[in-house]
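User: I am new to reading structures and would like to know where the labels come from. Could you take me through some of them, one at a time?

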Amino acid sequence: MLLPAPGGPSGPSVPSGLPGTAERVLPLRRPGRWVTAAVVLVLVSQAAHGLITNPFYQWDRFAYWFLRPVVLDGLLVTLQVTAYSAVLGLAGGVLLALGRLSGNAVVRSVSWTYVWLFRSVPLIVVLIFLYNFSALYPTLGIGVPFGPAFVTFDESRLATDMVIAVVGLGLCEAAYAAEVVRAGVLSVDQGQHEAAAALGIPRWRQFTRIVFPQALRSIVPSYVNQLIGLLKATSLVFYVSLLDLFGSVQSLAATYPGDVVPLLLVATVWYVILTSLVSVAQYHVERYYARGALRAVPASPLQRGRAALRDLRLRFRRETAP
């Protein structure tokens, strides 16, 4: 909407439409947006008011348990299991993805079977199966296939609760990571493969220096989602007698039944904090790998906030200037 500028104090205003006429642009009014925003704010305010004022949440007990050593010990176990499983899962996923893309029919079939199997079996079943693995194979050995073993190990001593949790989560994570990595590799333009082959670059160097860095732009967002799911899936290791964050909270809730709700809130808040940190790391990694695909890397939220504050200051000075 265009409106003519008002006349100055020394004379009448200039008619609209004449050359040199100053016009002011008014934004289009959208009352529906304001109504929607008002309704959303009311609903959010009601939810926040109920969350703060409801005595059933027992926020004083929440503050008491939030930084207790037993909770922090469980949090440390959660971080350890997540880190070890993520490394194991990503390494296995890369190998399985290469196997899926291999020209060897045997390797391709075995990789496909692995991915199909561990995507079909629930994680809790895998963990419980590994927890009882010593009943099936009391000892493990290294030797001649189908022949005598040169070195034997007691499986019950090797398979601690931490090892069972990491191996179980890592095996399942590798199956999903394989599909993420394979999709990222397939997203790279075929011309990149052909150009590298035409230059005589070895296949392994083609993958590590040309294909995989470009595939990371597609791999990172999907795999970070898998990592967030893995972080939350660590709550299942409680069923193999490993007291992670959720296991510690469950044990405390059984001992203090009156604090069940605040203890669950403690676990919820810690999981939210951890997933938020992973999301921040994902954002910066995506910006790093987007440098070769975009002419200009998008501004970060901090940069956008600074720019908005700077524009606000300039507008304020302009409007308050004499």
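Analyst: Gladly! Let's start with what counts as a helix: a DSSP run of H or I with at least four residues, and helices are numbered from the N terminus. With that in hand, T234 can be placed in the loop between helix 10 and helix 11 (245-255). Please keep in mind that this is a predicted model.

User: How many helices and strands does the chain have?

Analyst: The chain holds 13 helices and four strands.

User: What makes T234 buried rather than exposed?

Analyst: Its relative accessible area is 0%. Buried means under 20%, so T234 belongs in that class. Leaving out residues up to four places away in sequence, T234 touches T78, V81, T82, L169, D244 and Y271.

User: How much of the chain counts as buried?

Analyst: Of its 322 residues, 27% count as buried.

User: Where is A267, and how do you know whether it is buried or exposed?

Analyst: A267 sits in helix 12 (residues 260-289). Its relative accessibility is 5%, and the limit for buried is under 20%, so A267 is buried. Setting aside residues up to four places away in sequence, A267 touches L245 and V249. The C-alpha atoms of A267 and G247 are separated by 9.7 Å, with their positions 20 residues apart along the chain.

User: Now to charges. Why is the pair of E179 and R100 called a salt bridge?

Analyst: In general, side chains of opposite charge can pair when their charged atoms come close. The cut-off here is a side-chain nitrogen of Lys or Arg within 4 Å of a carboxyl oxygen of Asp or Glu. For E179 and R100 the closest N and O atoms are 2.7 Å apart, so by that cut-off they form a salt bridge. E179 lies in helix 8 (residues 161-186) and R100 in helix 3 (residues 69-100), so the pair ties together parts that are 79 residues apart in sequence. Both E179 and R100 are buried.

User: What makes R100 buried?

Analyst: R100 has 17% relative accessibility. The limit is under 20%, so R100 counts as buried. Leaving aside neighbours within four places in sequence, R100 is in contact with R108, S111, W112, E179 and R182.

User: How do you know that E179 and R119 form a salt bridge?

Analyst: Their closest N and O atoms are 3.8 Å apart. The rule asks for within 4 Å, so this pair qualifies too. E179 in helix 8 and R119 in helix 4 (residues 105-120) are 60 residues apart, and the pair links distant parts of the chain.

User: Why is R119 called partly exposed?

Analyst: R119 has a relative accessible area of 44%. Buried is under 20% and exposed is over 50%, so R119 falls in between and is partly exposed.

User: What about R182?

Analyst: R182 also forms a salt bridge with E179, the closest N and O atoms being 3.0 Å apart. E179 and R182 are three residues apart in helix 8, which means about one helical turn separates them. R182 has 21% relative accessibility, so it counts as partly exposed. Together, R100, R119, E179 and R182 are linked in a network of salt bridges. The count of salt bridges comes to four.

User: Let's turn to helices. Why is helix 9 called roughly antiparallel to helix 10?

Analyst: Two packed helices are described by the angle between their axes and the distance between the axes. Helix 9 (residues 190-198) and helix 10 (residues 203-233) pack at about 160°, with axes 11 Å apart. Angles over 145 degrees count as roughly antiparallel, so helix 9 earns that label against helix 10. Q192, H193, A196 and A197 in helix 9 meet Q206, I210, V211 and Q214 in helix 10. This contact has four nonpolar, four polar and no charged residues.

User: And what makes helix 3 oblique to helix 10?

Analyst: Helix 3 and helix 10 pack at about 140°, with their axes 11 Å apart. Roughly antiparallel needs over 145 degrees, and roughly perpendicular runs from 65 to 115, so helix 3 is oblique to helix 10. The crossing of this pair is right-handed. Among the residues in the contact are T78, T82 and S85 of helix 3 and W204, F207 and Y223 of helix 10. By class, the contact has nine nonpolar, four polar and no charged residues.

Conventions:
Residues numbered from 1 in each chain as written. Predicted model: local features only at pLDDT ≥ 70, side-chain atom pairs only at ≥ 80, totals over all residues. Heavy atoms only, no water. Helix = DSSP H or I, 4+ residues; strand = E, 2+ residues; numbered from the N terminus. Buried < 20%, exposed > 50% of the residue type's maximum accessible area, 1.4 Å probe, protein only. Axes fitted to C-alpha atoms, helices over the stretch in contact; angles between N-to-C directions. Parallel < 35°, antiparallel > 145°, perpendicular 65-115°, else oblique. Contact = heavy atoms within 4.5 Å. Nonpolar A, V, L, I, M, F, W, Y, C, P; charged D, E, K, R; others polar. Left-handed = near helix turned anticlockwise from the far one by under 90°.
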